[in-house]
Amino acid sequence: MVHKLPKYIYHLDDFLKILDTKSNKIVFANGCFDLLHQGHIHLLNQAKHLGDILIVAINTDASIKKLKGESRPIETLDTRIKKIAT
């Protein structure tokens with residue numbers, strides 16, 4: 001049984017405390033989502049249909065800067081979280 005889940009969280013531990021993993025199939029996806037585009041949306045929609053709960057992890061600003069260079073990320077972590085959560 002899943003209690004009322006938050007739209008987005010910052011720490012997985014907080015989420016796991018309220019999640020009953022025995023009765024739910026969990027799907028996990030991760031990415032930078034620095035510039036959210038149709039390919040990202042398609043991938044996440046496909047992942048959503050593979051289980052009961054989709055967890056999307058989003059790289060931090062520091063991680064993206066390290067991976068993609070000093071001019072990145074283009075959008076802040078908070079902006080990317082809000083876009084993915086809608």
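**Entry 1: the D61 and R80 pair**

I began with D61, which is partly exposed at a relative accessible area of 29%, and I note at the outset that the model I am reading is predicted. The partner of D61 is R80, and the two form a salt bridge in which the closest N and O atoms are 2.4 Å apart. Since R80 lies in helix α4 and D61 in helix α3, the pair ties together parts that are 19 residues apart in sequence. I then looked up the burial of R80 and found a relative accessible area of 1%, so R80 is buried, the cut-off for that word being under 20%.

**Entry 2: the other salt bridges**

How many salt bridges does the structure hold? I find 3 of them, and I took the remaining pairs in turn.

D34 forms a salt bridge with R72, and here the closest N and O atoms are 2.4 Å apart. This pair links distant parts of the chain, for D34 sits in the loop between β1 (26-31) and α2 (38-48), while R72 sits in the loop between α3 (61-68) and α4 (77-85), 38 residues away. I checked the cover on each side: D34 is buried, with a relative accessible area of 2%, whereas R72 counts as partly exposed at 22% relative accessibility.

E75 is paired with K83 in a salt bridge whose closest N and O atoms are 2.6 Å apart. For K83 I noted a relative accessible area of 35%, which makes K83 partly exposed.

**Entry 3: the chain as a whole**

I stepped back to the overall layout, and I counted 4 helices and 2 strands in the protein chain. Read from the N terminus on, the elements follow the order α-β-α-β-α-α. The chain has 86 residues, and 27% of them are buried. Among contacts with a separation of 6 or more, 60% come from residues 24 or more positions apart. For the accessible surface of the chain I have about 6,200 Å², with 56% of that area belonging to carbon and sulfur atoms.

**Entry 4: the buried side of α4**

Which residues of α4 are buried? My list holds R80, I81, I84 and A85. They cover an arc of only 130 degrees around the axis, and therefore they lie on the same side of α4. When I asked what covers these buried residues of α4, I found that the cover includes α2, β2 and α3.

**Entry 5: the buried side of α2**

I made the corresponding check on α2, where H40, L44 and A47 are buried. Their arc around the axis is only 60 degrees, which puts them on the same side of α2. As a reminder to myself on spacing, an α-helix has 3.6 residues a turn, so residues three or four places apart point the same way. The buried residues of α2 pack against β1, β2 (53-58) and α4.

**Entry 6: H40 and its surroundings**

I gave H40 an entry of its own. H40 is found in helix α2, and at 17% relative accessibility H40 counts as buried, because the word applies to values under 20%. What does H40 touch, once residues up to four places away in sequence are left out of the count? I find F33 and L35. For L35 I can add a polar detail, namely that the side chain of H40 reaches the backbone oxygen of L35 at 3.5 Å. I also looked up H40 against I84: the two are 44 residues apart in sequence, and their C-alpha atoms are 9.4 Å apart in space. I84 is one of the buried residues of α4, and α4 is among the elements against which the buried residues of α2 pack.

**Entry 7: a nonpolar patch**

My last look was at the surface, where I9, L12 and L16 make a nonpolar patch of about 220 Å². Of these residues I followed up L12, which lies in helix α1 (residues 12-17). L12 has a relative accessibility of 41% and so counts as partly exposed.

Technical notes
Residues are numbered from 1 along each chain as its sequence is written. This is a predicted model: local features need pLDDT of at least 70, side-chain atom pairs count only at pLDDT 80 or more; totals for chains, interfaces and linings use all residues. Side-chain values use heavy atoms; hydrogens and water are left out. Patches are made of residues with over 30% relative accessible area and no salt bridge: like charges are joined within 9 Å, nonpolar side chains (Val, Leu, Ile, Met, Phe, Trp, Tyr) within 5 Å. Accessible areas come from the Shrake-Rupley method with a 1.4 Å probe; for residues, only the protein chains shown count as cover. A salt bridge is a side-chain nitrogen of Lys or Arg within 4 Å of a carboxyl oxygen of Asp or Glu. Buried means under 20% relative accessible area, exposed over 50%, partly exposed in between (1.4 Å probe, protein chains only). Contact means heavy atoms within 4.5 Å. A polar contact is a pair of N or O atoms within 3.5 Å; within protein, one must be able to donate a hydrogen and the other to accept it, and residues adjacent in sequence count only if both atoms are side-chain atoms. The arc is that of the directions from the helix axis to the C-beta atoms.
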